[in-house]
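Subject: A structure for you to look at

Hello,

Here is the structure I promised to pass on, with some notes on what turned up in it. Please open it alongside this email and follow along as you read.

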Amino acid sequence: MTFLVYAGAALAEIAGCFSFWAWLRLGKSPLWLVPGMGALALFAYLLTLAPADAAGRAYAAYGGVYIVASILWLWIAEGARPDRWDVAGAGICLAGAALILFGPRG
């Protein structure tokens, strides 16, 4: 369930942010902002479902998932293949996120 919450949140956040990118940088219609705002609201809601004892810890762990999802977006949605540095950096961030979320607490 944790994976689905974070994956859904990442997709919603990236889609919402991309709608602003498309409007401001790619010359798309301002109507792109309507579903983008909905996606950003969905992102915020999904993060509340993260199984963490504190919001800050949930957000910190999410950061690593977001980075991996962004690299996948780069590849799938934008057609730019990640290089070895993208992959290595994303792997390090994901390991850090797992440590934050699942590390033993005293």
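Which helices each supply at least two residues of the lining of the largest pocket? Helix 1, helix 3 (55–76) and helix 4 (84–102) do. Before I say more about that pocket, please keep in mind that this is a predicted model.

**The overall picture**

The protein has 106 residues, and 29% of them are buried. Its secondary structure amounts to 4 helices and 0 strands, and reading along the sequence gives the pattern α-α-α-α. If you turn the C-alpha trace onto its principal axes, it spans about 50 × 35 × 20 Å.

**The two pockets**

Back to the largest pocket, which holds about 460 Å³ of space. Its lining counts 20 residues, and those closest to the centre are Phe3, Tyr6, Ala7, Val65 and Ala69. What is the chemical character of this lining, nonpolar, polar or charged? The split is 19 nonpolar residues, 1 polar and no charged.

The second largest pocket has a volume of about 180 Å³. You can find it by selecting Ile14, Cys17, Phe18, Trp21, Tyr66, Ser70, Trp73, Leu74 and Glu78, which line it. Helix 1 and helix 3 are the elements that give two or more residues to this lining. Here the residues divide into 7 nonpolar, 1 polar and 1 charged.

As background, rolling a probe the size of a water molecule over the atoms shows where empty space is left.

**A patch on the surface**

Which residues make the nonpolar surface patch of about 440 Å²? They are Met1, Phe3 and Leu4. Phe3 may look familiar, as it was also listed among the residues closest to the centre of the largest pocket. Leu4 sits in helix 1, which runs over residues 2–25. Is Leu4 buried or exposed? Its relative accessible area is 58%, so Leu4 counts as exposed, the cut-off for that being over 50%.

**The salt bridge**

How many salt bridges does a search of the whole structure find? The answer is 1. In general, side chains of opposite charge can pair when their charged atoms come close. In this model the partners are Arg57 and Asp53, whose closest N and O atoms are 2.7 Å apart. Arg57 is partly exposed, at a relative accessible area of 27%, whereas Asp53 has 63% relative accessibility and therefore counts as exposed.

**Some positions to click on**

Here are a few residues that may help you find your way around the chain.

- Pro51 is placed in the loop between helix 2 and helix 3. With 48% relative accessibility, it counts as partly exposed. Pro51 and Val5 are 46 residues apart in sequence, and their C-alpha atoms are 9.1 Å apart in space.
- Phe102 belongs to helix 4 and is exposed, with a relative accessible area of 60%. Along the chain, Phe102 and Pro51 are 51 residues apart, while 10.0 Å separates their C-alpha atoms.
- Leu31 is in the loop between helix 1 and helix 2 (33–47). It counts as exposed, at 63% relative accessibility. From C-alpha to C-alpha, Leu31 and Glu13 are 17 Å apart, with their positions 18 residues apart in sequence numbering.
- Gly96 is another residue of helix 4, partly exposed at a relative accessible area of 30%. Gly96 and Met1 are 95 residues apart in sequence, and the C-alpha distance is 19 Å.

**Where to start**

If you have time for just one view, I would suggest the largest pocket, with its lining of 19 nonpolar residues, 1 polar and no charged. From there you could move on to the second largest pocket, where Glu78 is one of the lining residues. The pair of Arg57 and Asp53 would make a good last stop, with its salt bridge at 2.7 Å between the closest N and O atoms.

Enjoy exploring, and write back whenever you like.

Best wishes

Key: Residues are numbered from 1 along each chain as its sequence is written. This is a predicted model: local features need pLDDT of at least 70, side-chain atom pairs count only at pLDDT 80 or more; totals for chains, interfaces and linings use all residues. Side-chain values use heavy atoms; hydrogens and water are left out. Patches are made of residues with over 30% relative accessible area and no salt bridge: like charges are joined within 9 Å, nonpolar side chains (Val, Leu, Ile, Met, Phe, Trp, Tyr) within 5 Å. Accessible areas come from the Shrake-Rupley method with a 1.4 Å probe; for residues, only the protein chains shown count as cover. A salt bridge is a side-chain nitrogen of Lys or Arg within 4 Å of a carboxyl oxygen of Asp or Glu. Buried means under 20% relative accessible area, exposed over 50%, partly exposed in between (1.4 Å probe, protein chains only). On a 1 Å grid over the protein atoms alone, a cavity is a set of points where a 1.4 Å probe fits but cannot get out, and a pocket is an open set with protein on both sides within 12 Å along at least five of seven lines; lining residues have an atom within 4 Å of a point. Grid points are joined across faces, edges and corners, and a volume is the space filled by probe spheres set on the points. Ala, Val, Leu, Ile, Met, Phe, Trp, Tyr, Cys and Pro count as nonpolar, Asp, Glu, Lys and Arg as charged, and the others, Gly among them, as polar.
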